[in-house]
Every structure is written in C-alpha cells, then in structure tokens.
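Q: Hello! I am new to this structure and would like to learn how to read it, one feature after another. Could we take a look together?

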Amino acid sequence: MAQEQPWPRELVFSREHKSLRIAFDNDETYEIPFELLRIESPSAEERGHGPAHRTIGGKRNVAVTRADPVGRYAVRIVFDDGHQSGLYSWEYLRDLGRERDARMNAYLKRLDAAGLQRG
C-alpha cells in the first residue's frame with residue numbers, strides 16, 4: 001500500500017520576504033524564495049533540454065503577482081516578469097523546500113559559468 005504524500009495546510013506568499021512559506025500536515029514547513037520558484041519553474045518552456053537551458057539571470061527581485069489553485073494537486077504561480085505557465089504540484093514544492101540550498105547553490109554555479117548575474 002502506497003504511503004500518502006503530505007498535504008499542504010498553508011501557503012503564504014510574502015512580498016516582504018520575497019518567499020513562499022508552505023506548511024504540510026506532517027509538520028514539515030519550508031520557505032522557498034520567489035527567485036528559486038521562478039528559476040526552477042516546472043513549465044515545459046523553461047525546462048528545455050537540460051539544466052543549461054534553464055540558466056536565466058536577473059531574477060533576484062522577481063515577485064509573485066498571483067497564485068491560482070489547479071485542482072487539488074497544484075498551484076499555478078504568476079510572476080511579475082510575465083512567466084505563468086508553471087504548475088507547481090505539492091510534491092514539487094516539497095522537493096524545492098527540502099532541496100532549497102542545494103538547488104540555489106547549483107543555480108549560482110550555473111550563473112557564474114554562463115557569465116550571468118542574479119539581477
């Protein structure tokens with residue numbers, strides 16, 4: 001029998017902290033910077049053909065303008081740079097929260113290698 005995934009009980013988008021705080025019903029809580037949400041967008045247009053394609057700069061100050069529920073499994077996040085095609089499942093948000101530091105460090109290395117700035 002498959003174990004059920006934790007269910008989000010709270011999503012708080014903070015303009016002040018430029019982050020999403022997501023709390024799950026198993027007491028896991030994560031704070032995910034908007035910049036990381038944007039650069040790790042799960043949308044097909046951002047995924048391309050590997051990590052090099054996803055290396056985009058200038059997203060340090062990106063803001064979330066809207067978040068719309070998608071069924072019972074995800075949220076569509078709309079950013080102030082016009083990006084709005086990523087569907088963030090609860091499982092994906094949990095992964096981003098758990099891997100926040102590692103993913104951010106990998107992103108910073110890709111930026112450096114590409115000669116790009118965070119903005």
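A: Gladly. Let us begin with a term: two strands pair if DSSP finds at least two bridges between them. Please keep in mind that this is a predicted model. As a case of pairing, strand E4 is joined to strand E5 by 6 bridges, and the two run antiparallel. Within that pair, Val 64 stands opposite Phe 79 in E5.

Q: Before we go further, how many helices and strands does the protein chain have?

A: There are 5 helices and 6 strands in the protein chain. Following the sequence, you meet them in the pattern β-β-β-α-α-α-β-β-β-α-α.

Q: Back to the strands, then. What is the order of the strands in the open sheet of 3 strands?

A: The order is E4-E5-E6, and the pairing is antiparallel. Strand E4 (64-70) and strand E6 (87-89) are at the edges with a single partner strand each, so each has one side without a neighbour in the sheet. From one strand to the next, the twist averages 30 degrees.

Q: How are E5 and E6 paired, and over how many bridges?

A: Strand E5 (residues 74-79) pairs with E6 in the antiparallel sense, over 3 bridges. You can find the partners by eye: Val 75 has Tyr 88 in E6 as its bridge partner, while Arg 76 stands opposite Leu 87 in E6. As for surroundings, 5 of the 6 residues of E5 are buried, so this strand is mostly covered.

Q: What lies across E5 and E6?

A: Helix H4 (residues 90-98) does, running at about 80 degrees to E6.

Q: Next, hairpins. Which residue in the turn between E4 and E5 has a positive phi?

A: Gly 71 has one, of about 60 degrees, in a hairpin with 3 residues between E4 and E5. E1 and E2 form a hairpin as well, with 4 residues between the strands, and here Lys 18 takes a positive phi near 55 degrees. Strand E1 (residues 8-14) and strand E2 (residues 19-24) run antiparallel and are joined by 6 bridges. In this pair, Leu 11 stands opposite Ile 22 in E2.

Q: Now the inside of the protein. Why might nonpolar residues gather there?

A: In soluble globular proteins, nonpolar side chains tend to be buried together. Here, the largest nonpolar core has 23 residues, and those with the most contacts inside it are Ile 32, Leu 37, Tyr 88 and Leu 93. Two or more residues of this core come from each of E2, strand E3 (29-33), helix H1 (34-39), E5, H4 and helix H5 (100-114). Over the whole protein chain of 119 residues, 39% are buried.

Q: Tyr 88 has come up twice. Which residues does Tyr 88 touch?

A: Leaving out residues up to four places away in sequence, Tyr 88 touches several residues, including Leu 37, Pro 42, Val 75, Phe 79, Leu 93 and Leu 96.

Q: How many aromatic pairs does a search of the whole structure find?

A: The search finds 4. In one of them, the ring centres of Phe 24 and Tyr 30 are 6.4 Å apart and the planes are at 70 degrees, so this pair is edge-to-face. Phe 24 counts as buried, at 0% relative accessibility, and Tyr 30 is buried with a relative accessible area of 15%. Tyr 88 and Tyr 92 form a tilted pair, with 6.2 Å from centre to centre and 45 degrees between the planes. Both Tyr 88 and Tyr 92 are buried.

Q: Let me try a charged residue. Is Lys 59 buried or exposed?

A: The cut-off to use is that buried means under 20% relative accessible area. Lys 59 has 16%, so Lys 59 is buried. You will find Lys 59 in the loop between helix H3 (51-54) and E4.

Q: Which residues is Lys 59 in contact with, beyond its neighbours within four places in sequence?

A: The contacts are Glu 35, Arg 38, Ile 39, Asp 81 and Arg 118. With Asp 81, the side chain of Lys 59 makes a polar contact of 2.6 Å. Ile 39 is 20 residues from Lys 59 along the chain, and their C-alpha atoms are separated by 7.4 Å.

How values were computed: Residues are numbered from 1 along each chain as its sequence is written. Side-chain values use heavy atoms; hydrogens and water are left out. Axes are lines fitted to C-alpha atoms, for helices over the stretch in contact, and angles run from 0 to 180 degrees between N-to-C directions. Contact means heavy atoms within 4.5 Å. Buried means under 20% relative accessible area, exposed over 50%, partly exposed in between (1.4 Å probe, protein chains only). A polar contact is a pair of N or O atoms within 3.5 Å; within protein, one must be able to donate a hydrogen and the other to accept it, and residues adjacent in sequence count only if both atoms are side-chain atoms. Rings of Phe, Tyr and Trp (its six-membered ring) pair if their centres lie within 6.5 Å; planes under 30 degrees apart count as stacked, over 60 as edge-to-face and the rest as tilted. A nonpolar core is a set of buried Ala, Val, Leu, Ile, Met, Phe, Trp, Tyr and Cys residues joined through side-chain atoms within 4.5 Å.
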